[in-house]
Amino acid sequence: MKSSRTTPLLSAAFITAAFLCVVAGSASAHSRSDGGSHAGLNIPEISHGEMAIMSDYRSGIIDLASRAVDTNEPFRRVLNYAEIQYSYCLWGRMPGSVTDEQSPFNECAHAYLAAAKAVLLSMREMPRERAAADEIISAVDADMVRRGLALITCRFSGEAFNTADIVKPRWSGIPFHAASMASLTGLASLFGFSVFALRRFSRPKAQSSE
């Protein structure tokens with residue numbers, strides 16, 4: 001009979017192996033959505049230096065935009081894109097997704113932060129949101145100067161985006177990016193241990209009810 005101590009390790013290994021199979025199956029997929037029509041709205045690029053600052057203010061920008069009153073369809077479409085793109089990028093939780101150019105999540109981080117920047121700049125034209133938007137813009141500008149990030153660029157810094165084109169993470173690059181691989185393997189292991197714990201603690205209840 002196998003020791004019960006090996007069960008969670010086997011579960012974690014199985015989940016991790018399954019994840020790697022998914023990654024391998026996505027190896028030929030492009031980072032952007034297939035067949036994007038580019039019929040949506042264009043979103044200007046954001047520099048690598050700007051990303052580090054905008055990520056700190058993203059939640060406040062989205063919160064302000066979500067409560068905006070004097071909106072129009074283009075504004076709502078860019079806001080919707082910013083939120084959808086954020087979820088595709090695993091809600092910015094992957095280590096190095098904003099700061100590391102080599103991260104498989106860096107390009108999609110560029111996309112959701114570029115959209116957040118576009119949303120912020122659009123609110124300067126809204127009477128009710130202008131003051132709050134200007135306050136955030138001033139804070140962003142001050143942080144850019146203080147941290148000396150204005151001139152920092154990367155290979156995605158000149159890339160514009162489009163609301164009709166979702167930028168997905170480069171799943172095939174995860175096994176070659178140590179921080180991303182460690183994070184996802186850790187999550188898989190945690191999930192495996194959680195499943196094992198739930199099954200172990202629920203088993204006596206099931207036996208006692210018989």
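What is the mean pLDDT of the chain, and what percentage of its residues reach 70 or more?

## Model and confidence

This is a predicted model. The chain has a mean pLDDT of 78, with 67% of its residues at 70 or more. Among the elements of the chain, helix H3 has the highest mean pLDDT, 97, and helix H1 the lowest, 44.

Two stretches have pLDDT below 50. One covers residues 1-31, and this stretch has 30 contacts in the model beyond near neighbours in sequence. The other covers residues 206-210, for which the number of such contacts is 0.

## Helix H3

Helix H3 runs over residues 73-88. Its 16 residues, at 1.5 Å a residue, should span 22 Å, and the end C-alpha atoms are 22 Å apart, so the expected and modelled lengths agree.

The buried residues of H3 are Phe-75, Val-78, Leu-79, Tyr-81, Ala-82, Gln-85 and Tyr-86. They lie on the same side of H3, because the arc they cover around the axis is only 155°. An α-helix has 3.6 residues a turn, so residues three or four places apart point the same way. The cover over the buried residues of H3 includes strand S1, helix H2, helix H4 and strand S2 (161-162).

## Helix H4 and Tyr-112

Helix H4 runs over residues 106-122. For its 17 residues the expected span is 24 Å at 1.5 Å a residue, and the end C-alpha atoms are 24 Å apart, in agreement. Of these 17 residues 14 are buried, so H4 is largely enclosed by the rest of the structure.

Tyr-112 belongs to helix H4. Its relative accessible area is 3%, so Tyr-112 is buried. Not counting residues up to four places away in sequence, Tyr-112 touches Arg-58, Ala-82, Gln-85, Tyr-86, Cys-89, Gly-92 and Val-98. Among these contacts, Ala-82, Gln-85 and Tyr-86 are also listed as buried residues of H3. Between the C-alpha atoms of Tyr-112 and Gln-85 the distance is 5.3 Å, although the two residues are 27 apart in sequence.

## The disulfide

The structure contains 1 disulfide. Its partners are Cys-89 and Cys-108, with an S to S distance of 2.3 Å. The link between Cys-89 and Cys-108 is right-handed, with 65° about the S-S bond. The pair joins distant parts of the chain, 19 residues apart: Cys-89 is in the loop between H3 and H4, whereas Cys-108 is in H4.

Are the two cysteines buried or exposed? Cys-89 has a relative accessibility of 0% and therefore counts as buried. Cys-108 is buried as well, with a relative accessible area of 0%. Cys-89 is also one of the residues touched by Tyr-112.

## Salt bridges

How many salt bridges does the structure hold? There are 4. One of them pairs Arg-147 with Asp-56, with the closest N and O atoms 3.3 Å apart. This pair links distant parts of the chain, since Arg-147 is in helix H5 (residues 130-147) and Asp-56 is in helix H2 (residues 48-66), 91 residues away. Arg-147 is partly exposed, at a relative accessible area of 38%.

Helix H5 also holds Arg-146 and Asp-143, which form a salt bridge with closest N and O atoms 3.1 Å apart. Arg-146 and Asp-143 are 3 residues apart in H5, so about one helical turn separates them. Arg-146 is exposed, with a relative accessible area of 61%, whereas Asp-143 is buried at 13%.

A further salt bridge joins Arg-67 to Asp-63, and here the closest N and O atoms are 3.2 Å apart. Arg-67 counts as exposed, at 53% relative accessibility. Asp-63 counts as partly exposed, at 42%.

## Gly-40

Where is Gly-40 placed? Gly-40 is in the loop between helix H1 (6-25) and strand S1 (42-43). Leaving aside neighbours within four places in sequence, Gly-40 is in contact with Arg-77, Asn-162, Thr-163 and Ala-164. The C-alpha atoms of Gly-40 and Pro-74 are separated by 9.4 Å, and the two residues are 34 apart along the chain.

How values were computed: Residues numbered from 1 in each chain as written. Predicted model: local features only at pLDDT ≥ 70, side-chain atom pairs only at ≥ 80, totals over all residues. Heavy atoms only, no water. Disulfide = S-S within 2.5 Å. Helix = DSSP H or I, 4+ residues; strand = E, 2+ residues; numbered from the N terminus. Buried < 20%, exposed > 50% of the residue type's maximum accessible area, 1.4 Å probe, protein only. Contact = heavy atoms within 4.5 Å. Salt bridge = Lys/Arg side-chain N within 4 Å of Asp/Glu carboxyl O. pLDDT = per-residue confidence, 0-100. Expected span 1.5 Å × (residues − 1). Arc of directions from axis to C-beta.
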